[in-house]
Amino acid sequence: MEVRTLILGAGAAGLFCAAHAGPGTLVVDHARRPGEKIRISGGGRCNFTNTGTVPERFLSENPHFAKSALARYGPWDFVDLVGRHGIAWHEKTLGQLFCDGSAKQIVAMLLDEAARAGATVETGTEVGEIAHDGSAFRVVLEREGRRREVAARHLVVATGGKSIPKMGATGRAYEIATQFGLGLTETRAALVPFTFPEGRFAPLSGTALPVRAAAGGAVFEEAMLFTHRGLSGPAMLQCSSYWREGEDLTVDLLPGRDAAEEIAEAKRTQGARRLSTWLSAALPTRLAESLASELPAERKLAELSTQAIRETADRLHGWTLRPGGTEGYRTAEVTLGGVATGGLSSKTMEAKTLPGLFFIGEAVDVTGWLGGYNFQWAWASAHAAGTEI
Ligand code: FDA
């Protein structure tokens, strides 16, 4: 069998690329259904883009690489498409756009766009050996026990990263890149909860609060959630992309407030009260109780020296924690790192040393922040490759 373009992976990037690559395109995926991650994304409502998309919100060894594709296909281009398909959406927070209804609408839209462009999508198909004979790629595919070889002028690798192997994630893109001489950057689980030894925060599990959290030079002001295993919530997921083993996180538990000033004021007006009372009003009760042992919580406010107030405030604004690790690929939303951008054209995503070979989406060493940025990269990189093909 011969096709013009073979796309490996019917996820966000693969399907969107098919919509632009046009007739003679075959998309194959080993999963039973296409777009599985889209379906479960954003709690079932798919946070499909972010209106605050700027290259600075993407991590890569080459921070300039994503600029061209993102400039040529931005969030409003995707919003237009969503609108043309009659999909209602809303902004939740921080520029994050979600479907009003269901993420399934985005999958249906992508399948519709791919079909309209004349592409075929085939699921339940294993990808075997891949070769290049000098003019075409030859790829062995296996479906329902039947093997066949497909010849294609263009091969687009859109098999994503390693996050959530249970959902069919594999490192296949990295193997293909290596096979054809492209480099890889170190990969690691990102947008993933932190774990702490000995169930340190288990008693606080379920407690959430807004924080200002910092890791590896990045700062995020979002919610933090205590879990049985450690810390999660948007602030922690964002930090995980910048954190490295052995490093500390710094968490301001009272962002935008001045704890020293507030405690000093309470000392003047309610000196007979204990610090623990003030803490319980300022923070979720269980967190306040757990911090009490590290602070002069049972002292009356009137008894606190200026220095004690300062130390308490420093503690609350600069809580320092050292995670034991992260939950890893099992629960990570994305994979940081991947196919090194040095081997790819930033305009087309095509391999510099092998024309016709493209890498798009999460497989590439471009990782967005939490909040719709990773889908925007999938759309933009798929558009760059698809329109070139
Ligand atoms: P994607 O993973 O979507 O697709 C890859 C496809 O390749 C899959 O269909 C897979 O089955 C297939 N495949 C893999 N290996 C293969 C092989 N060897 N042979 C054949 N097929 C193979 N992002 C965002 O912007 N907003 C959000 O709301 C969310 N929410 C979210 C929730 C959860 C739970 C997760 C895990 C992730 C998110 N994300 C997200 C991240 C987002 O899902 C992710 O960045 C994109 O799906 C990446 O798109 P790709 O097409 O590159 O990979």
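Me: What makes strand E12 (residues 194–195) and strand E15 (residues 230–232) a pair?

Reply: In this predicted model, two bridges join E12 to E15. A pair needs at least two bridges, so E12 and E15 count as paired. The two strands run antiparallel. Phe194 stands opposite Leu231 in E15.

Me: Which sheet holds E12 and E15?

Reply: An open sheet of seven strands, in the order E17-E16-E13-E14-E15-E12-E18, holds them, with antiparallel pairing.

Me: Why are strand E17 (319–321) and strand E18 (325–326) called edge strands?

Reply: Pairing takes at least two bridges. E17 and E18 each pair in this way on one side only, so they are the edges.

Me: Where does UniProt list the "domain: RsdA/BaiN/AoA(So)-like insert"?

Reply: The UniProt record, an unreviewed entry, lists this domain at residues 188–334. Over residues 188–334 the chain is 31% helix and 24% strand, and the end C-alpha atoms are 9 Å apart.

Me: What other domain does UniProt place on the chain, and where?

Reply: UniProt places "domain: RsdA/BaiN/AoA(So)-like Rossmann fold-like", again from an unreviewed entry, at residues 5–387. That stretch is 30% helix and 24% strand, with 12 Å between its end C-alpha atoms.

Me: Which residues does UniProt list for "signal peptide"?

Reply: Residues 1–21 are listed, in an unreviewed entry. In the model, residues 1–21 are 48% helix and 33% strand. Their end C-alpha atoms are 18 Å apart.

Me: What makes strand E1 (residues 2–8) a partner of strand E10 (residues 146–157)?

Reply: Six bridges join E1 to E10. The cut-off is at least two, so E1 and E10 are a pair. They run parallel, and the bridge partner of Ile7 in E10 is Val156.

Me: What other strands pair with E10, and over how many bridges?

Reply: Strand E9 (residues 137–143) is joined to E10 by seven bridges, and these two run antiparallel. Phe137 stands opposite Ala152 in E10. Strand E20 (residues 357–359) pairs with E10 in the parallel sense over three bridges. The bridge partner of Val157 in E20 is Phe359.

Me: What lies between E9 and E10?

Reply: E9 and E10 form a hairpin with two residues between them. Glu144, in the turn, has a positive phi of about 50 degrees.

Me: What is the order of the open sheet of three strands, and which are its edge strands?

Reply: The order is E3-E6-E5, with antiparallel pairing. Strand E3 (47–50) and strand E5 (89–91) are the edge strands, as each pairs on one side only. From one strand to the next, the twist averages 30 degrees.

Me: Why do E5 and strand E6 (residues 96–99) count as paired?

Reply: E5 and E6 share three bridges, in the antiparallel sense. At least two are required, so the pairing stands. Trp89 stands opposite Cys99 in E6.

Me: Why are the approaches of Asp29, Asn47 and Thr170 to the ligand called polar contacts?

Reply: The test is a pair of N or O atoms within 3.5 Å. A polar side-chain atom of Asp29 lies 2.5 Å from an oxygen atom of the ligand. For Asn47, a backbone N or O atom is 2.9 Å from a nitrogen atom of the ligand. For Thr170, a side-chain N or O atom is 2.6 Å from a ligand nitrogen atom. These distances lie within 3.5 Å, so the contacts qualify. The protein covers 92% of the 990 Å² of accessible area that the ligand has on its own.

Me: How many residues surround the ligand, and which are the closest?

Reply: There are 29, and the closest are Ala13, Asp29, Thr170, Glu362 and Phe375. The shell divides into eleven nonpolar, 13 polar and five charged residues.

Me: Which helices supply at least two residues of that shell?

Reply: Helix H1 (12–21), helix H2 (36–40) and helix H12 (373–388) each do. The largest share, three residues, comes from H12.

Definitions and conventions
Residues numbered from 1 in each chain as written. Predicted model: local features only at pLDDT ≥ 70, side-chain atom pairs only at ≥ 80, totals over all residues. Heavy atoms only, no water. Near = heavy atom within 4 Å. Polar contact = N/O pair within 3.5 Å; in protein donor to acceptor, adjacent residues only side chain to side chain. Areas by Shrake-Rupley, 256 points an atom, 1.4 Å probe, with all protein chains shown as cover. Helix = DSSP H or I, 4+ residues; strand = E, 2+ residues; numbered from the N terminus. Nonpolar A, V, L, I, M, F, W, Y, C, P; charged D, E, K, R; others polar. Axes fitted to C-alpha atoms, helices over the stretch in contact; angles between N-to-C directions. UniProt positions renumbered as here; feature names shortened; annotations may be inferred.
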